[in-house]
Amino acid sequence: MSGSFYFPIVGHHDNPGFEIEFLPAEKVESKHDHHHFNQSIAHAALGLVDANRWLCNNMHLKTVDKFNEWFVSVLATADHVKFITLHDVRQDHGIKNLFSDVYELYIKLAMNLFYKPYSPIGSSTFDIKVQFLGKKHLLS
Amino acid sequence: MSRPGNRRPECHKINRDLFVLTYGALVAQLCKDYEKDEDVNNYLDKMGYGIGIRLVEDFLARSCVKKCHSYSEIADLIAQVAFKMYLGITPSVTRNESSRNEFSLILDKNPLVEFVEELPAGRSSLCYCNLLCGVIRGALEMIHLTADVTFLQDRLKGDKVTEIGITFLKKLEEKKCRRKK
């Protein structure tokens with residue numbers, strides 16, 4: 001059974017950089033109802049991320065928080081950029097792969113000198129690639 | 001005091017990422033300084049010109065090329081020796097059939113744009129690598145050839161390939177005639 005995933009990227013100053021949802025085909029209609037809800041869960045988890053990052057040796061913090069049926073998994077980079085996934089089914093392997101691939105994409109974007117660091121990511125190519133990666137690692 | 005014939009000129013190498021990022025920082029700063037794309041393009045061309053008039057000395061010393069007798073030999077030399085020496089790529093040369101002095105360099109890979117996926121918003125007519133046009137123009141001018149060098153196609157603007165057009169403006173034959181007199 002494939003679950004729903006909400007994937008924001010939060011910048012150095014806890015500012016939103018990017019967000020995308022991966023929903024299985026039957027749940028697409030309810031996207032807009034839970035958007036604010038997902039944002040507030042992710043935001044609430046940021047405090048736990050900062051606490052946990054010092055306890056973990058690598059960037060992948062696995063699941064840091066749980067709210068009702070939602071799990072919050074995080075990859076926190078050394079410069080405080082957080083890749084967060086809210087998911088209602090445990091899919092650690094897929095999420096870990098997604099984080100690695102999106103992190104690689106993010107590094108390439110960060111090397112573009114026209115991209116202001118930690119600013120919102122407006123690039124459509126980035127969006128398309130993340131959508132593809134989400135479908136590949138989470139929804140298949 | 002002349003240079004011994006068998007000494008190989010030293011080839012200094014630097015980290016490729018550092019070079020690409022330095023160039024990107026240059027273009028990004030010019031974009032902040034100038035609002036109009038034409039101004040940025042002109043400035044890149046001028047900077048390239050300043051590099052080209054100096055670089056040609058280094059190129060001629062290191063490559064030990066023989067005298068060229070036609071524009072087509074010069075275009076081949078720029079693509080196969082100069083680009084290879086300084087950027088590590090070998091663009092292919094095509095010639096405009098209708099005109100004897102118009103050539104194009106088609107760049108398959110352009111290391112300078114490695115981290116740039118697309119031009120930033122509001123900068124759609126920016127020629128990101130216009131420095132290269134200035135370099136070629138300056139280098140040719142130092143060997144007494146004037147040329148018009150521009151980007152005809154650019155992958156960053158959505159075209160399929162990146163193409164630099166070189167149009168030689170003075171004829172070599174005229175100069176030869178003058179010398180014979």
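Chain B contains 5 helices and 4 strands, and, read from the N terminus on, these elements follow one another in the order α-α-α-β-β-α-β-β-α. Before going further, it should be said that this is a predicted model, and everything below describes that model. Chain B has 181 residues, of which 38% count as buried. Among the contacts in chain B with a separation of 6 or more, 60% are made by residues that stand 24 or more positions apart.

A good place to look at the inside of chain B is strand S4, which covers residues 162-168. Thr162(B) belongs to this strand, and Thr162(B) counts as buried because its relative accessible area is 4%, where the cut-off for a buried residue is under 20%. Leaving aside neighbours within four places in sequence, Thr162(B) is in contact with Leu105(B), Ile106(B), Leu107(B), Phe151(B), Gln153(B), Asp154(B) and Arg155(B). With Arg155(B) there is also a polar approach, since a polar atom of the Thr162(B) side chain lies 3.3 Å from the backbone nitrogen of Arg155(B).

Glu163(B) is found in strand S4 as well. What is the nearest side chain of opposite charge to Glu163(B), and how far away is it? It is Arg155(B), at a distance of 11 Å, and Glu163(B), although buried, has no salt bridge. A salt bridge needs a side-chain nitrogen of Lys or Arg within 4 Å of a carboxyl oxygen of Asp or Glu. The side chain of Glu163(B) does, however, make a polar contact of 2.7 Å with the side chain of Gln153(B). Not counting residues up to four places away in sequence, Glu163(B) touches Ser104(B), Leu105(B), Ile106(B), Thr150(B), Phe151(B), Leu152(B) and Gln153(B).

Chain A offers two alanines that can be set side by side. Ala76(A) is in strand S4 of chain A, residues 70-76, whereas Ala25(A) is placed in the loop between strand S2 (16-22) and helix H1 (35-53). Which of these words fits Ala25(A), buried or exposed? Ala25(A) counts as exposed because its relative accessibility is 68%, and the cut-off for exposed is over 50%. Ala76(A), by contrast, has a relative accessible area of 6% and is therefore buried. Apart from its neighbours within four places in sequence, Ala76(A) is in contact with Val49(A), Arg53(A), Met59(A), Leu61(A), Val81(A) and Lys82(A). Distances in space can also be set against distances along the chain: Ala25(A) and Leu139(A) are 114 residues apart in sequence and 9.4 Å apart from C-alpha to C-alpha, while the C-alpha atoms of Ala76(A) and Tyr118(A), 42 residues apart along the chain, are separated by 14 Å.

Finally, we come to the place where the two chains meet. Here 15 residues of chain B are in contact with 9 residues of chain A, and the two chains bury about 1,000 Å² between them, 65% of it on carbon and sulfur atoms. Of the area that chain B buries against chain A, 49% is supplied by Phe115(B), Glu117(B) and Glu118(B), which is more than any other three residues supply. Across this interface the rule finds 2 salt bridges, and in a salt bridge the side chains of Lys108(A) and Glu117(B) meet at 3.3 Å, from N to O. The side of chain B that touches chain A is made up of 10 nonpolar, 1 polar and 4 charged residues.

Key: Residues are numbered from 1 along each chain as its sequence is written. Chains are lettered from A and ligands numbered from 1 in the order in which they are written. This is a predicted model: local features need pLDDT of at least 70, side-chain atom pairs count only at pLDDT 80 or more; totals for chains, interfaces and linings use all residues. Side-chain values use heavy atoms; hydrogens and water are left out. Contact means heavy atoms within 4.5 Å. Buried area is the accessible area (1.4 Å probe) that two parts lose on being put together, summed over both. Ala, Val, Leu, Ile, Met, Phe, Trp, Tyr, Cys and Pro count as nonpolar, Asp, Glu, Lys and Arg as charged, and the others, Gly among them, as polar. Buried means under 20% relative accessible area, exposed over 50%, partly exposed in between (1.4 Å probe, protein chains only). Lys and Arg count as positive and Asp and Glu as negative; His and the chain ends are not counted. A polar contact is a pair of N or O atoms within 3.5 Å; within protein, one must be able to donate a hydrogen and the other to accept it, and residues adjacent in sequence count only if both atoms are side-chain atoms.
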